[in-house]
Structures are given as structure tokens and as C-alpha cells.
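Dear colleague,

I am handing over the structure below, and after it I set down what was found. Please read the text with the coordinates open beside you.

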Amino acid sequence: MAGEPQDDCLFCKIVAGQIPATIVRETETTVAFRDINPQAPTHVLVIPKAHHRDAAALAAAEPRIAADVLRETQAVAYDEKLESYRVVFNTGSGAGQTVWHAHAHVLGGRGLEWPPG
């Protein structure tokens with residue numbers, strides 16, 4: 001069920017403390033941690049603690065928590081002293097989503113090309 005922890009979800013296990021992660025920020029509704037396969041010098045994931053399949057599902061079900069995730073991306077960038085950064089939400093396997101729990105990537109610390117794909 002949406003919003004409830006899923007036994008087979010990597011990110012739900014990180015939220016529950018069952019899998020270690022390098023956590024850089026945590027709020028009542030979100031957790032931010034370093035990506036284990038960084039694509040930039042700074043690569044932090046910001047996730048809602050509640051399980052939602054992707055960013056679109058999160059925004060539809062809990063817009064306040066979606067806003068919390070986005071607000072935390074800015075806080076991560078500030079804490080990491082990033083002058084410029086990119087926030088990416090991959091939605092669907094064709095866009096590169098591999099973990100089916102909504103999450104934002106905060107990328108920075110190097111020049112980021114455009115277009116990204």
C-alpha cells in the first residue's frame with residue numbers, strides 16, 4: 001500500500017536502519033544520503049520516509065511531502081556548499097529509475113552538461 005514500508009524496498013530498509021547509508025540530513029519526513037555510485041563529486045539522494053513508487057505518485061498522494069523532498073534538495077546543496085547543482089527525479093525504467101521508491105538526486109561539484117541524456 002502506498003505510504004507504507006515495503007519489505008523488498010532498498011530505500012525503505014535504509015529509512016528503517018536495516019541497511020547502512022551515509023546520511024547527511026534527516027527530517028521528520030525525509031532522509032538524505034550519499035549515493036553509493038556517485039555520478040558527480042556531490043551525489044546525494046533525498047527520499048521521503050513514506051514509500052511511494054516514484055515522484056509522480058508521491059506528488060499525487062502527498063504533495064506536502066513532495067515539497068519537503070524538494071526543499072531538502074536545496075538544504076543539501078547549501079550544506080555541501082554547491083554554487084550550482086542539478087536535481088533529478090527519474091520516473092520509470094526508461095528514464096533510469098532502478099529503485100522503486102521516490103527519490104531526488106542532488107548532483108554538483110563539477111560542470112553538468114546539457115542536454116543530460
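Pro115 sits in the segment that follows strand E5, which covers residues 104-108, and the peptide bond leading into it from Trp114 is cis, with omega near 0°. Please keep in mind, here and in everything that follows, that this is a predicted model.

A second backbone feature concerns Lys81, which has a positive phi of about 60° although it is not a glycine. Lys81 is found in the loop that connects helix H3 (63-79) with strand E4 (85-88), and with a relative accessible area of 70% it is exposed.

As to the chain as a whole, the protein has 3 helices and 5 strands, and read from the N terminus these elements follow the order α-β-β-β-α-α-β-β. For 117 residues, a compact globule would be expected to have a radius of gyration near 13 Å, and the value for this chain, 13 Å, agrees with that. The C-alpha trace spans about 40 × 30 × 25 Å along its principal axes. Of the 117 residues, 40% count as buried, while the surface that the chain exposes comes to about 6900 Å², with carbon and sulfur atoms supplying 52% of it. Among the contacts with a separation of 6 or more, 53% are between residues 24 or more positions apart. The charged side chains number 10 positive and 14 negative, and the centres of these two sets lie 3 Å apart.

Now to the strands, beginning with E5. What is the burial state of the residues of E5? Taking buried to mean under 20% relative accessible area, 5 of the 5 residues of E5 are buried, so the strand is largely enclosed by the rest of the structure. In a regular strand the side chains alternate between the two faces of the sheet. In E5, Ala104, Val106 and Gly108 point one way and His105 and Leu107 the other way, and all are buried.

E5 has two pairings to report. Strand E3, residues 42-48, is joined to E5 by 5 bridges, and the two run antiparallel; within this pairing, Val46 stands opposite Ala104, and the bridge partner of Val44 is Val106. E4 is joined to E5 by 4 bridges, again with the strands running antiparallel, and there Arg86 stands opposite Leu107.

E3 can be described in a similar manner, since 7 of the 7 residues of E3 are buried, so that it is largely enclosed by the rest of the structure. Both faces of E3 are covered, with Thr42, Val44, Val46 and Pro48 on one side, His43, Leu45 and Ile47 on the other, and all of them buried. Besides its pairing with E5, E3 pairs with E2 in the antiparallel sense over 5 bridges, and in that pairing Val31 stands opposite Ile47 of E3.

Two further buried residues connect to these strands. Phe11 lies in helix H1, which comprises residues 10-15, and at 4% relative accessibility Phe11 counts as buried. Which residues does Phe11 touch, if those up to four places away in sequence are not counted? They are Phe33, Leu45, Ile47, Val99, His101 and His103, of which Leu45 and Ile47 are listed above on one side of E3. Phe11 and Val31 are 20 residues apart in sequence, and their C-alpha atoms are 9.6 Å apart in space.

The other residue is Ala40, which lies in the loop between strand E2 (30-34) and E3. At 8% relative accessibility, Ala40 counts as buried, and, leaving aside its neighbours within four places in sequence, Ala40 is in contact with Leu107, Gly108 and Arg110; Leu107 and Gly108 are among the buried residues of E5. The C-alpha atoms of Ala40 and Asp7, which are 33 residues apart along the chain, are separated by 30 Å.

With kind regards

Notes:
Residues are numbered from 1 along each chain as its sequence is written. This is a predicted model: local features need pLDDT of at least 70, side-chain atom pairs count only at pLDDT 80 or more; totals for chains, interfaces and linings use all residues. Side-chain values use heavy atoms; hydrogens and water are left out. The radius of gyration is taken over C-alpha atoms; the globule rule is 2.2 Å times the number of residues to the power 0.38. Buried means under 20% relative accessible area, exposed over 50%, partly exposed in between (1.4 Å probe, protein chains only). Contact means heavy atoms within 4.5 Å. Accessible areas come from the Shrake-Rupley method with a 1.4 Å probe; for residues, only the protein chains shown count as cover. Lys and Arg count as positive and Asp and Glu as negative; His and the chain ends are not counted. The place of a charge is taken as NZ of Lys, CZ of Arg, CG of Asp or CD of Glu. Two strands pair if DSSP finds at least two bridges between them.
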